[in-house]
Amino acid sequence: MLKFKILIVVILGTIAQFTFAQDTLKKVKYTTHNKGKFYFYWGGNRESYSKSDIHFKGDDYDFTLNDVEALDRPVGWHINYINPTMMTIPQTNFRLGYFITDHYNISVGVDHMKYVMVQNQSVKINGTYPSIYEGNQVNNGQVDLSDETFLTFEHTDGLNYINSEISRVDDFSKLFGITNTDKIQINLTEGIGGGVIYPKTNAKVLGKERHDDFHISGYGVSAKVGLNLTFFKHYFIQGELKTGFINMNDIQTTALTNDSASQHFMFLQRIVSFGGIFNL
């Protein structure tokens, strides 16, 4: 009889431990841990650029334009962002990532920016160029770029920054009184990255035929900070500020192989994206 009572106690203890373990598992929210999860997002951006010295060279010219201003080319909220046949046309961001720990993830992505030289400006010019421009577009060491016969210059298809990043994510939902993060979660994210610049440059230099092919033109490095709002475990909206440095030392400008340009500048991106996070 004693052995039977001991057996009953052991069985009841085992059941109690199993029940406690099951209850504990049920209490662990999906959003508590990130390790092993994949995520992706798609969104749009606006950019600002620092002024840049641009060096142009070819068989009969070798000159530098100083402190050239440039802007982006936004289309606003547009159906092209979700039209599969047109979604690469506007300024966009795509990223695919994987959490290697609960807080750190690695990712690859494309920042499709657009860089357009401001045409209505006059800048300082140094170097050599065909004499036909002296006294017309060029006067007293200044060139009037509003006359498009001298130069048009843009990376609008685009200024493609193909990069990898490592980022950290921290949940600070509690600061806003949120207890059920499986319904809504607020995260802070920071990261650094680097990659290559793969533009399709649209330029007309001194009236020559433009070059119109994608070409690896240099590299970029960047750092970002962002705010992530995750809803119902899997869906999120993310806003980011990303700043970086771009060095383009081999820009193809015309159909002639000896013609090229180089420049370097800082950029600031404002990004809004929509995405998902999941376990495979």
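Reader: What makes the link between the side chains of Gln 238 and Asn 228 a polar contact?

Author: The two side chains are joined at 2.9 Å. A polar contact is a pair of N or O atoms within 3.5 Å; within protein, one must be able to donate a hydrogen and the other to accept it, and residues adjacent in sequence count only if both atoms are side-chain atoms. At 2.9 Å the pair lies within 3.5 Å, so the name applies. Gln 238 also has a polar contact of 2.5 Å with the side chain of Glu 240. Please keep in mind that this is a predicted model, in which local features need pLDDT of at least 70, side-chain atom pairs count only at pLDDT 80 or more, and totals for chains, interfaces and linings use all residues. Residues are numbered from 1 along each chain as its sequence is written, and side-chain values use heavy atoms, with hydrogens and water left out.

Reader: Why is Gln 238 called buried?

Author: Its relative accessible area is 8%. Buried means under 20%, exposed over 50% and partly exposed in between, with a 1.4 Å probe and protein chains only, so Gln 238 counts as buried. Leaving aside neighbours within four places in sequence, Gln 238 is in contact (heavy atoms within 4.5 Å) with Tyr 41, Thr 189, Leu 227, Asn 228, Ile 271, Val 272 and Ser 273.

Reader: Where in the secondary structure is Gln 238 found?

Author: Gln 238 belongs to strand S14. The protein has one helix and 15 strands; these are DSSP runs numbered from the N terminus, with helices being H or I of at least four residues and strands E of at least two.

Reader: How do you know that S13 and S14 pair?

Author: Strands pair if DSSP finds at least two bridges between them. S13 and S14 share 14 bridges and run antiparallel, so they pass. One position in this pairing sets Ser 222 opposite Gly 244. In their hairpin, with three residues between the strands, Phe 232 takes a positive phi near 50 degrees. Strand S11 (residues 184-197) also pairs with S13 in the antiparallel sense, over 14 bridges, and there Ile 186 stands opposite Leu 229.

Reader: Which side chains of S13 are buried?

Author: In a regular strand the side chains alternate between the two faces of the sheet. Along S13 (residues 218-231), Gly 218, Gly 220, Ser 222, Lys 224, Gly 226, Asn 228 and Thr 230 point to one face and are buried. Tyr 219, Val 221, Ala 223, Val 225, Leu 227, Leu 229 and Phe 231 point to the other and are not buried.

Reader: What makes a set of residues a nonpolar core, and how many residues has the largest?

Author: A nonpolar core is a set of buried Ala, Val, Leu, Ile, Met, Phe, Trp, Tyr and Cys residues joined through side-chain atoms within 4.5 Å. The largest has 33 residues, and Phe 56 and Phe 63 are among those with the most contacts inside it. S2, S3, S14 and S15 are among the strands that each supply at least two residues. Apart from this core lies another of six residues, including Tyr 39 and Ile 277.

Reader: Which residues of S3 and S15 are bridge partners of His 55?

Author: The partner in S3 is Thr 64, and the one in S15 is Ser 262. Six bridges join S2 (residues 52-58) to S3 (residues 61-68), which run antiparallel, and a hairpin joins S2 to S3 through two residues. S2 and S15 (residues 260-279) are antiparallel too, with three bridges.
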